[in-house]
Amino acid sequence: MRSDRMKIVQGDITAEHVDAIVNAANRTLLGGGGVDGAIHRAAGPDLLAECRKIGGCETGEAVITEGYRIPAKWVIHTVGPVWRGGAHGEAELLASCYRNALRLASEHGVRTVAFPSISTGAYRYPVDEASQLAVCVVGEFLSADDTIAEVRFVCFDERTHNAYSKALREHVDAPSQSGVVPRNRDAG
Ligand code: ADP
């Protein structure tokens, strides 16, 4: 069990002193509201210029840029699904966001990474379900990865913080019983 490598904190992800922070971006990668806007404001215009060169990102996928003016060396941009009731592949896509972001982090030698609560703001994914999925998918990834030492879930508000704290407690108590982790599609 690797849940000791997962931490829940409340605060502003742009101020985190980690190797990489994850951005809940949109498919244009050109910035937006919420955490995306905060990251672009804090990192400065060079981040937008690099994102513009990349040209976009599909839902569930991830790309990596430099962090520019923020403390983190890297920003990993991933595009969460818009919640449309839960029967439109939302869970699989959200799981892909976490897996693809962590894969990029590991490939870049990242030891510490901070995630926001992807999709639970403007994209309206229910935070109880999103937090359970996030903790389980990250826990599963970490159990097969030796590069990443710590994953922080940086929750902006108290309600989100409470949901992630509960999800992590439940995961530690019964990691295999949650049933919320969709299988990796290319693993069959
Ligand atoms: P999405 O479009 O994926 O739903 P949002 O940015 O709207 O993304 O919301 C995702 C989560 O990020 C929400 O819980 C929101 O409160 C939170 N958030 C907003 N600003 C920040 C920030 N500076 N640091 C961390 N989390 C933030």
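Which of the 16 residues around the ligand come nearest? Select Asp12, Val35, Ser119, Gly121 and Ala122: these come nearest of the 16. Keep in mind that this is a predicted model.

**Stop 1: the ligand**

Stay on the ligand and show backbone atoms. Start with Val35. One of its backbone N or O atoms lies 2.8 Å from a ligand oxygen. Move to Gly121. Here a polar backbone atom is 2.9 Å from an oxygen atom of the ligand. Then pick Tyr123. A backbone N or O atom of Tyr123 sits 3.0 Å from a ligand oxygen. Now switch to a surface view. The ligand taken alone exposes 570 Å², and the protein buries 89% of that.

**Stop 2: the sheet**

Hide the ligand and colour the strands. You should find an open sheet of 6 strands with mixed pairing. Trace the order: β1-β6-β5-β2-β4-β3. Select residues 6–10 for β1 and 62–66 for β3. These are the edge strands, and each pairs on one side only. Look along the sheet next. Its neighbouring strands are turned by 25° against each other on average, direction ignored.

Zoom in on β1 and β6, the latter being residues 150–155. The two strands run parallel, joined by 5 bridges. For one pairing, select Gln10. Its bridge partner in β6 is Cys155.

**Stop 3: helices on the sheet**

Add α2 to the view. This helix packs on the sheet and touches β3 and β4, the latter at 74–79. The direction of α2 makes about 140° with that of β3. Now add α4, residues 127–143. Helix α4 also packs on the sheet, where it touches β1 and β6. Its direction makes about 165° with that of β6.

**Stop 4: where two helices cross**

Select residues 34–43 for α1 and 45–54 for α2. Their axes come within 6 Å and cross at roughly 115°. Show side chains at the contact. From α1, pick Ile39, His40 and Ala43; from α2, pick Leu47, Leu48 and Cys51. How many nonpolar, polar and charged residues does this contact have? By class there are 5 nonpolar residues, 1 polar residue and no charged ones.

**Stop 5: His161**

Finish in helix α5, residues 158–173, which holds His161. Which residues does His161 touch, not counting those up to four places away in sequence? Select Ile8, Val9, Gln10 and Cys155. Two of those names are familiar from Stop 2: Gln10 and Cys155 are bridge partners. Last, draw a C-alpha to C-alpha distance from His161 to Val127. It reads 9.8 Å, for residues 34 apart in sequence.

Notes: Residues are numbered from 1 along each chain as its sequence is written. This is a predicted model: local features need pLDDT of at least 70, side-chain atom pairs count only at pLDDT 80 or more; totals for chains, interfaces and linings use all residues. Side-chain values use heavy atoms; hydrogens and water are left out. Axes are lines fitted to C-alpha atoms, for helices over the stretch in contact, and angles run from 0 to 180 degrees between N-to-C directions. Helices (H or I, at least four residues) and strands (E, at least two) are DSSP runs, numbered from the N terminus. Contact means heavy atoms within 4.5 Å. Ala, Val, Leu, Ile, Met, Phe, Trp, Tyr, Cys and Pro count as nonpolar, Asp, Glu, Lys and Arg as charged, and the others, Gly among them, as polar. A residue is near a molecule or strand if one of its heavy atoms lies within 4 Å of it. A polar contact is a pair of N or O atoms within 3.5 Å; within protein, one must be able to donate a hydrogen and the other to accept it, and residues adjacent in sequence count only if both atoms are side-chain atoms. Accessible areas come from the Shrake-Rupley method with a 1.4 Å probe; for residues, only the protein chains shown count as cover. Two strands pair if DSSP finds at least two bridges between them.
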